Amino acid sequence: TGGIMAVITLNGQLGGAAREVGQEVSRRTGSDYVDRVLLAEAAKRVGTTVTALAEKELEHLSLGNRLTKLIQTAFERSAYTGSGGDPFFGPGVDALLIRPYPEGDKEFEATSSDQVDDQRFFQVISETIKDLAKEGNVVIIGRGSNFVLKDSPDVLHVGVVAPLEFRIEMTMQRDGITREEAEGYIANEERSRLSFFKKHFKANPDDPILYDLMVNPGKLGIEGSANIIVQALRSAS
């Protein structure tokens with residue numbers, strides 16, 4: 001059943017299935033779905049001469065025309081104001097965007113600090129999120145979208161939590177990596193995530209007061225979590 005015009009943000013720890021829950025919610029509400037992978041693709045298009053994705057990738061992202069245009073416009077509007085008139089989104093920014101929280105990734109930061117100004121990156125992403133929300137009917141995953149849109153009316157902010165074991169399993173499965181690699185990845189991203197929120201929002205992302213609703217896919221499952229979110233949307237509209 002589609003037809004709910006809505007903006008929903010989902011934010012949580014790595015491996016907590018915010019992405020999977022978000023995809024399910026977007027499917028049920030007929031909304032567009034946006035996550036960092038998709039933002040990275042859009043940035044790559046704006047920052048390089050590549051004008052279209054390979055059909056295979058397009059299928060994988062199920063990226064509608066409306067959304068492609070919207071993200072592209074949002075990026076273009078805020079991107080071409082780099083130092084010396086250089087576009088901020090040059091080649092390589094897609095690699096930075098793909099990291100869940102690039103700020104905290106010291107090793108990565110060292111190699112790209114000269115090309116990419118942290119604050120600028122954050123601004124561009126935030127502007128893009130605001131533009132997407134204005135258009136409505138979109139599910140936005142991560143990137144502190146609950147803070148970026150905290151003053152926007154009619155946005156449902158969902159926090160996603162899950163037990164560590166669930167998150168490890170999820171990450172192993174999703175990325176095809178070993179348990180040890182998944183544990184390391186989760187620990188590293190956790191540090192990055194906390195420093196990202198502290199730096200840009202002066203807040204702890206796990207504070208429940210920042211959300212309208214918390215779901216735990218580890219207990220409720222992906223379907224069950226999506227049910228609760230769709231239910232909340234219906235009662236709010």
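**Arg-167 and Gln-13**

I looked first at the side chain of Arg-167, which makes a polar contact with the side chain of Gln-13 at 3.3 Å; a polar contact here is a pair of N or O atoms within 3.5 Å, where within protein one must be able to donate a hydrogen and the other to accept it, and residues adjacent in sequence count only if both atoms are side-chain atoms. The model is predicted, so I note that local features need pLDDT of at least 70 and side-chain atom pairs count only at pLDDT 80 or more, whereas totals for chains, interfaces and linings use all residues. Residues are numbered from 1 along each chain as its sequence is written, and side-chain values use heavy atoms, with hydrogens and water left out.

I placed Arg-167 in helix α9, residues 164-175; helices (H or I, at least four residues) and strands (E, at least two) are DSSP runs numbered from the N terminus. Is Arg-167 buried or exposed? I found Arg-167 buried, because its relative accessible area is 6%, with buried meaning under 20% relative accessible area, exposed over 50% and partly exposed in between, for a 1.4 Å probe and protein chains only. Leaving aside neighbours within four places in sequence, I listed the residues in contact with Arg-167 as Gln-13, Leu-14, Gly-15, Gly-16, Ala-162, Ile-186 and Glu-190, where contact means heavy atoms within 4.5 Å.

**The sheet**

I then traced the open sheet, whose five strands have the order β2-β3-β1-β4-β5 with parallel pairing; two strands pair if DSSP finds at least two bridges between them. At the edges I found β2 (32-34) and β5 (213-215), each with a single partner strand, so one side of each is left without a neighbour in the sheet. The twist averages 20° from one strand to the next, axes being lines fitted to C-alpha atoms, for helices over the stretch in contact, and angles running from 0 to 180 degrees between N-to-C directions.

I followed the bridges strand by strand. Strand β1 (residues 7-12) is joined to strand β4 (residues 155-160) by six bridges, in parallel, and within this pairing Val-7 has Val-155 as its bridge partner, while Leu-10 has Val-158. Val-158 also has a bridge partner in β5, namely Leu-213, and β4 and β5 pair in the parallel sense over three bridges. Between β1 and β3 I counted four bridges, again parallel, with Val-139 of β3 as the bridge partner of Ile-8.

How many of the residues of β1 are buried? Six of the six are, so β1 is largely enclosed by the rest of the structure; Val-7, Thr-9 and Asn-11 lie on one side and Ile-8, Leu-10 and Gly-12 on the other. I noted that β4 is mostly covered, with six of its six residues buried, and that its two faces carry Val-155, His-157 and Gly-159 on one side and Leu-156, Val-158 and Val-160 on the other.

Two helices lie against these strands in my notes. Helix α1 (residues 18-29) lies across β1, β2, β3 (138-141) and β4, running at about 180° to β3. Helix α11 (residues 217-236) packs on the sheet and touches β1, β4 and β5, its direction making about 150° with that of β5.

**Aromatic pairs**

I searched the whole structure and found five aromatic pairs; rings of Phe, Tyr and Trp (its six-membered ring) pair if their centres lie within 6.5 Å, and planes under 30 degrees apart count as stacked, over 60 as edge-to-face and the rest as tilted. The rings of Phe-196 and Phe-201 have centres 6.0 Å apart and planes at 70°, so I recorded that pair as edge-to-face. For Phe-197 and Phe-201 the centres are 5.5 Å apart and the planes at 45°, so that pair is tilted. Phe-197 and Phe-201 both lie in helix α10 (residues 179-201), four residues apart, about one turn of the helix. By relative accessibility I recorded Phe-196 as buried at 2%, Phe-197 as buried at 1% and Phe-201 as buried at 15%. With Phe-147, these three form one aromatic cluster.

**Whole chain**

I closed with the totals for the protein chain, which has eleven helices and five strands and 237 residues, 51% of them buried. Of the contacts with a separation of 6 or more, 73% come from residues 24 or more positions apart. The chain exposes about 11,500 Å², with carbon and sulfur atoms supplying 53% of it; accessible areas come from the Shrake-Rupley method with a 1.4 Å probe, and for residues only the protein chains shown count as cover.
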